[in-house]
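Morning, everyone. I'll take you through one structure today, chain by chain. Have a look at it first.

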Amino acid sequence: MASSAAPAVRVTGTVTVEYNRFTVAAPGASPGCLDLPRNGLVGAPLEARPFEAGTVAVIATGVAYDEVAVTAEVWTGEPPALDTTGWQDAAVITVDWPGGQVRLLGEDTVPPSELPLGGLPAGRYRLLVAGRHRDEGEARSGAMPVEEYLIRLWPASSTGERVLKATSATGAMWRGG
Amino acid sequence: MNEPTRRTPAERRRPAILVAASALILTGGLTAVVPAAGAATAAPAATADAPKPPPPTRAAGQRVTDTADCAPSSLDARSAKAKPVTDPRAPRELRGKKVISCVQTNVPNASKESTDARAAALAAQRGQAGAPDEETLRTRLKAAQAARKGDKDARAKLADNLPLPDWCHDHAFDGWWVLRTAECQIADITVLYFAETNGRRVHVGTAKALEFSYNYTSSDIDTFASQIRVVKYWGERAGSTDFFSNIYGWSTCSGDCKQNSDSGLRPGRFARDVNNDGQAFYDNTRTETGGIGYATPNWHWFVHLVFFLPSTTRNQPDPPRIRCDNAFSTDGNDLGDPASSRSAGVIGNGCVVPSYVPTWIVLKNGLYPTVAYHVEAAQKSGLPGAYPNGPVLHRLQDPAKKRQNGDTACPPAPTWVRPAGKSCDEYPMRSTYEGASTAPTPGTARSFAPPTQNVPGVGEWCEMDAAWNVPTGVTGPTGWSSCMLPARDNSGAGALLGGFYKSNRVLDNDPFLVWPQ
């Protein structure tokens, strides 16, 4: 598939995470996921659980109950290769999207912490996640750096998980190292 | 790309969401990760020992024995409306007399014969194989939903009544007993027959039946079931007649429920050892985002000896109400206008029995042992939430208050710099009203130190910097405890708690307990 020049949708905002994770969710899904990604950054749930229906991917974080900054992009075709300079970790997985509004979901409060990304037709997509400032502690305040993520979604032409970079201690910790 | 800056507390209090989740206003004042009829936490399959799920509890405030229908005034009123029997099929001794009846619940049996007959009937029912597991119940509820939409094959899946779980039989004749997604009772029903001449009323017969009632829900399906079986187990004189003896039954529901289906009682023969079975299904009507509804299903039945008047109607006493909600669902509608937001579909809806207090089980030999040890020590030092006696904890879903709890019990860096690989755990959890900041009675901090927190095979599970001046050896019911635990344990257990809340539909301010095992 030919590369696209720019994303069709770009959203920036924050998500308040809980238990060191936030999720990519379809309509009707509740926040949370029991699983942490095996690569320490992003992964699909390991089991289909009824109360997690609609949870498509989980992203692990260094902070436990703090905000993370997110830039999320939806591309109509494969984006240019990511320049991983300046990112600690980056990985790409494939997700099967059921259709509907995409949201990033954080803590399970009322209201929940969520960042909507717009509608996406059902289908198979590549999900790229890159993260930085993951190691500055699980609970931060004041002028301490904000943990940050880049998320990209585009229709899949290839499958298979790819780890582009894995340098953070946080990623190593969640991988079990 | 600019570095994002941290928001000030004032900025943080404005919700960081682009969707108006104002539609999610909770008016409410509601498994574990492994599906179970109770509320055990999940342990993914790797855990060594299976958790012990907490047992069913008895519904509060119910009257188990009821003889009011047979009180003289009640019989008099009935007699005033009765007409003498003229049917030529009636026994000779009853012709020309008024015959009335009344219904009693759970009165002791008068004879050894009826007592033995009851025991035999119970044993026969208990002996039925295949008490339902959660997957069976979910399949049924989904089939009821599909049948309502016209799926004819789905209706066939609902043909036979389900056998009752063992715990129902354990509490026979003691009213309604409940779990988070089930309620059950076994009742002993007596039908008394009286004949009257010249104002004199004589008892002319008795029939006795067992009534098995079983309502079940699923925490992620917004249709629930109400099942009944009535089986006559004994009769004498007028009550012993099995011929021309019929039973009729129907189901109703009061509250936020709409009938999906009602099979009535089939085959409808009130004769010894004939199972008269009924299944009714009800759909939740509060499916709007944030909706919370309450429903009470009841079965009603009467028996009819063809040449008598029908008996009075047995109205099942109210079971504990069932609560269905869509409070967990975020509908993904970025218009944010409640009037235009539509239900996200059944994924977000589910039903539970809210009067059953669910218990989150944490395992000392599970995947995240240090959290279990911390909870155990915290509860032993007097902090609330301990199974079985509590006091209960209440779930908190306000983001600002959760943050205050967390910041009080576990101040962020640079105040408390975490040891490498560790994160701060607090008890009661920040997601409860009993947390460090929101607790109704303010308290102080505590922690735990060797030797009490050095466990063979686990090690020192609570690490705290002495410079933080958090005292150890503190006891009492107010305050909170803090411990630095391995981050993997803390995060994993936290996610299990989130799963427990969802699989038990624990809504804001719902009570629950925590049980370290």
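Before I count anything, one term. Helices, of at least four residues, and strands, of at least two, are DSSP runs, numbered from the N terminus. With that, chain B has nine helices and 21 strands. And please keep in mind that this is a predicted model.

Let's start with chain A. It has one helix and 11 strands. What order do the elements of chain A run in, from the N terminus on? They go β-β-β-β-β-β-β-β-β-β-β-α. So the strands come before the helix.

Now the overall form of chain A. Its radius of gyration is 15 Å. The globule rule gives 16 Å for 177 residues, and the value for chain A is close to that, so chain A is as compact as a globular protein of that length. Its C-alpha atoms fill a box of roughly 40 × 35 × 30 Å along the principal axes.

Next, the inside of chain A. Of its 177 residues, 61% are buried. Take the contacts in chain A with a separation of 6 or more: 79% of them come from residues 24 or more positions apart.

Then the outside. Chain A exposes about 5900 Å², and carbon and sulfur atoms supply 53% of that. What about charge? There are 14 positive and 20 negative side chains in chain A. The centres of those two sets lie 7 Å apart.

On to chain B. Here 58% of the 517 residues count as buried. The chain exposes about 21400 Å², with 54% supplied by carbon and sulfur atoms.

I'd like to stop at one helix of chain B, H9, residues 487-503. It has 17 residues. From first C-alpha to last it reaches 24 Å, close to the 24 Å expected at 1.5 Å a residue. Is H9(B) enclosed or open? In H9(B), 16 of the 17 residues are buried, so the helix is largely enclosed by the rest of the structure. Just after H9(B) comes Arg505(B), which takes a positive phi of about 45°.

Now three single residues, all in chain B.

Gln397(B) first. You'll find it in the loop between strand E15 (393-394) and helix H8 (399-409). Buried or exposed? Gln397(B) has 2% relative accessibility, and the cut-off for buried is under 20%, so Gln397(B) counts as buried. Its C-alpha is separated from that of Asn509(B) by 8.2 Å, although the two residues are 112 apart along the chain.

Gln125(B) next. This one is in helix H3, residues 112-126. Gln125(B) is buried too, with a relative accessible area of 10%. What does Gln125(B) touch, leaving aside residues up to four places away in sequence? The partners are His169(B), Phe212(B), Arg229(B), Val231(B) and Asn275(B).

Last, Lys83(B). It is in the loop between helix H2 (72-81) and strand E2 (98-105). Lys83(B) is exposed, with a relative accessible area of 63%. Beyond residues up to four places away, Lys83(B) touches Lys97(B) and Lys98(B). Where is Gly96(B) relative to Lys83(B)? The two are 13 residues apart in sequence, and 8.7 Å apart in space, C-alpha to C-alpha.

To recap those three: Gln397(B) is buried, Gln125(B) is buried, and Lys83(B) is exposed. That's my tour. Thanks for listening.

Note on methods: Residues are numbered from 1 along each chain as its sequence is written. Chains are lettered from A and ligands numbered from 1 in the order in which they are written. This is a predicted model: local features need pLDDT of at least 70, side-chain atom pairs count only at pLDDT 80 or more; totals for chains, interfaces and linings use all residues. Side-chain values use heavy atoms; hydrogens and water are left out. The radius of gyration is taken over C-alpha atoms; the globule rule is 2.2 Å times the number of residues to the power 0.38. Buried means under 20% relative accessible area, exposed over 50%, partly exposed in between (1.4 Å probe, protein chains only). Contact means heavy atoms within 4.5 Å. Accessible areas come from the Shrake-Rupley method with a 1.4 Å probe; for residues, only the protein chains shown count as cover. Lys and Arg count as positive and Asp and Glu as negative; His and the chain ends are not counted. The place of a charge is taken as NZ of Lys, CZ of Arg, CG of Asp or CD of Glu. The expected span of a helix is 1.5 Å times one less than its number of residues.
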